Amino acid sequence: MTYQQSPWLLDDLFPGRASPELESAFSDVEKKVSAFEKIRPELKPDLGVGRFLEILRELEALSRVGYRMYAYANLLFAADTQNQDAQTLLGRIQQFFAEAGNRTLFFSLWWKDLDQANADRLMKESGDYRYYLEEMRHFKPHTLSEAEEKVINIKNVTGAEALNTLRDTLTNRYTFKVEVEGQVKEITEGELFVLVRGPNAELRAKAYQELYRVYAQDAPIIGQIYQSLLRDWHNENVSLRKFSTPMAARNLGNDIPDDVVNTLLEVARKNAPIFQRFFRLKAKELGMERLRRYDLYAPVSQSSKQYDFNTAAGMVLESFNAFDPQVGTLARRVFDEAHLDSEVRKGKRSGAFCYGVEPTLTPWVLVNFQGRADDVGTLAHELGHAIHAMLAAQHSLFTFHSSLPLAETASTFGEMMLLDRLLAEEKDPAVRRDMLFRQVDDAYMVIMRQAFFAMFERQAHEMVMKNATVDDLAVAYRANIEEQFGDSLEIADEFKWEWVVIPHFYSTPFYVYAYAFGQLLVLSLYQQFKAEGEAFKPRYLKILAAGGSEAPEKILSDAGIDIHSAAFWQGGFDIVANLVDQLEKG
Ligand SMILES: [Zn+2]
């Protein structure tokens, strides 16, 4: 079997965007929504459990078609963000489902409003739907009247969602000009990030300068989009829904108590010196007095090893197989069903993601594979997500997606399995040392960087409501990275625009702490795996198979982890500190 880079096939969703199948999906949803609307008079406190479950199944069947349509439009758009048909289809589907959602909204409103005794009676018999029902009721104090909820839904289509699509369209058409060996080349953002992680110090600086030159030009526009999105978030979640803080709205969605997130961020802040120590060590390794921010991801070895796609795919699949053949088989399904878009193309979304549509479908994975060790890691990461989704496939549509803080478990674990394999096979001590440096680079990127991102978001949300300008935000961002790096790095002025570049700040406010959560968790889990071997596997697979069928706190406490304790989070940092100690010893 050889693996080649290719675009993905979306046929398992729909044969084409002008296909009769897609059109009939619209009418199918329309029919199902009309039927669902008729159950409204039946919703009484004494509703029988048998009928209640039938109603939930109807809602699930209707949502299933919707999830497929949504996925189709999103994936089409991601594969070509400059395609007008894809963008229009996405807009059409967003509008269609905002309307459909409004017509079925009465069910969740009734459910949230139902008295506790009857809710308990129904939940007790609701099997896999239970946690979904329980989660919904958490939002009771933050739910508005049906009319208000409907206005919010419909206004979101042309409000926050439209602003995000606009930002995507604007930034994904950027090209960047960098002079490489005397020739000016026009490259994509993805290719720019290759230079940033490359061995050439001058190119690293040029790549960053060009990135921020282009983004800073549009900072007045993108910054304005950001201000509007933050005001929108505040207006909805704090003013109308009465969440105590902007971040509390995300925390409840994640079903993570506020104090857990605060503890995580405090512990992260305290541990910033670990990474500062690492950057000083890295400077020494590179023969520099002090690292520039440009050099953060510089490889310590000059040999930048390239992997062809077939080799990379083989290594990743092998490392999954070695952990557990069942896991390897699941990962292979993504390739076998052509659900992987691995090419680099102009207009294609940069970065990488895994899209788990619904339990009966193999997830779709997008990467921009360019042959570096990082790209192999990214492939392992995204396939890890896919494995997670497939392991949880026995759950309902409503309980199979894991909540955000657990969403990065299998992906990060997958990367670590790959790294172990690479280290075991690599004989060259320079390459091995480079890999270990990379591991701390990655830990930095996923833990400390994201934790400070979350702290910036917390501050930015507050500032925007106090009428901060785009430049004010840039100043605050600058202060944020100065605290993060201390005097371990020299930071050029243009890095104050970094927040303009980060898509999560726009599309999913406060998403980022989930990365730090996930990575620290996985560091602990991986250490348990090393210590216990086989005995560990069932506990780990159980976490993944739970999907989103329980609160994260419950899934983890069943695995012996207390997320309220600062010591647990500190344990993750201690593992990183150990890695840095090892590297310092040489
Ligand atoms: Zn991920």
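Biologist: What percentage of the 586 residues in the protein is buried?

Modeller: Buried residues make up 58% of them. The cut-off for buried is under 20% relative accessible area. Keep in mind that this is a predicted model.

Biologist: How many helices and strands does the protein have?

Modeller: There are 26 helices and seven strands.

Biologist: Why is the protein called as compact as a globular protein of its length?

Modeller: Its radius of gyration is 24 Å, and the globule rule gives 25 Å for 586 residues. The two values are close, so the description holds. Along the principal axes, the C-alpha atoms fill a box of roughly 75 × 55 × 50 Å.

Biologist: What share of the contacts joins residues at least 24 apart in sequence?

Modeller: Among contacts between residues at least 6 apart, the share is 77%.

Biologist: What makes up the accessible surface?

Modeller: The surface comes to about 23900 Å², and 52% of that belongs to carbon and sulfur atoms.

Biologist: Now the metal. Which residues coordinate the zinc ion?

Modeller: H381 and H385 each give NE2, and E408 is listed with OE twice. The distances are 2.1 to 2.7 Å. Donors must lie within 2.8 Å of the metal, so these atoms qualify.

Biologist: Why is the site of the zinc ion called irregular?

Modeller: The angles among its four donor atoms run from 52 to 137 degrees. A tetrahedral site needs all angles between 85 and 135 degrees, so this range rules that out. Square planar allows angles over 155 degrees for opposite donors and 65 to 115 for the others, so the site of the zinc ion fails there too and counts as irregular.

Biologist: How are the donors spaced along the chain?

Modeller: They follow H-x3-H-x22-E.

Biologist: Why are H381 and H385 separated by about one helical turn?

Modeller: They sit four residues apart in helix α16, residues 373-391, which gives that separation. An α-helix has 3.6 residues a turn, so residues three or four places apart point the same way.

Biologist: Are H381 and H385 buried or exposed?

Modeller: Both are buried.

Biologist: Why does T81 count as buried?

Modeller: Its relative accessibility is 2%, and buried means under 20%, so T81 qualifies. T81 lies in the loop between α2 (49-79) and α3 (84-113).

Biologist: What is T81 in contact with, leaving aside its neighbours within four places in sequence?

Modeller: N172, G347 and R349. The backbone oxygen of G347 is 2.7 Å from a polar atom of the T81 side chain.

Biologist: Which residues of helix α5 are buried?

Modeller: In α5, residues 130-138, they are Y131, Y132, L133, E135, M136 and R137. Their cover includes α2, α3, α4 (116-124), α11 (246-254) and α25 (552-558).

Biologist: What is notable about phi in E181 and F510?

Modeller: E181 has a positive phi of about 50 degrees although it is not a glycine. Phi of F510 is near 65 degrees, again positive in a residue other than glycine. Most residues other than glycine have a negative phi.

Biologist: Why does E181 count as exposed, and why does F510 count as buried?

Modeller: E181 is at 81% relative accessibility and the exposed cut-off is over 50%, so E181 is exposed. F510 is at 1%, under the 20% cut-off, so F510 is buried. E181 lies in the loop between β1 (176-180) and β2 (183-187). F510 is found in the loop between α22 (503-507) and α23 (513-532).

Notes
Residues are numbered from 1 along each chain as its sequence is written. This is a predicted model: local features need pLDDT of at least 70, side-chain atom pairs count only at pLDDT 80 or more; totals for chains, interfaces and linings use all residues. Side-chain values use heavy atoms; hydrogens and water are left out. Donors are N, O and S atoms within 2.8 Å of the metal (3.2 Å for Na, K and Ca); water is not among the atoms, so sites may look incomplete. Four donors count as tetrahedral if all angles lie between 85 and 135 degrees; four count as square planar and six as octahedral if opposite donors are over 155 degrees apart and all others between 65 and 115; anything else is irregular. Helices (H or I, at least four residues) and strands (E, at least two) are DSSP runs, numbered from the N terminus. Buried means under 20% relative accessible area, exposed over 50%, partly exposed in between (1.4 Å probe, protein chains only). The radius of gyration is taken over C-alpha atoms; the globule rule is 2.2 Å times the number of residues to the power 0.38. Contact means heavy atoms within 4.5 Å. Accessible areas come from the Shrake-Rupley method with a 1.4 Å probe; for residues, only the protein chains shown count as cover. A polar contact is a pair of N or O atoms within 3.5 Å; within protein, one must be able to donate a hydrogen and the other to accept it, and residues adjacent in sequence count only if both atoms are side-chain atoms.
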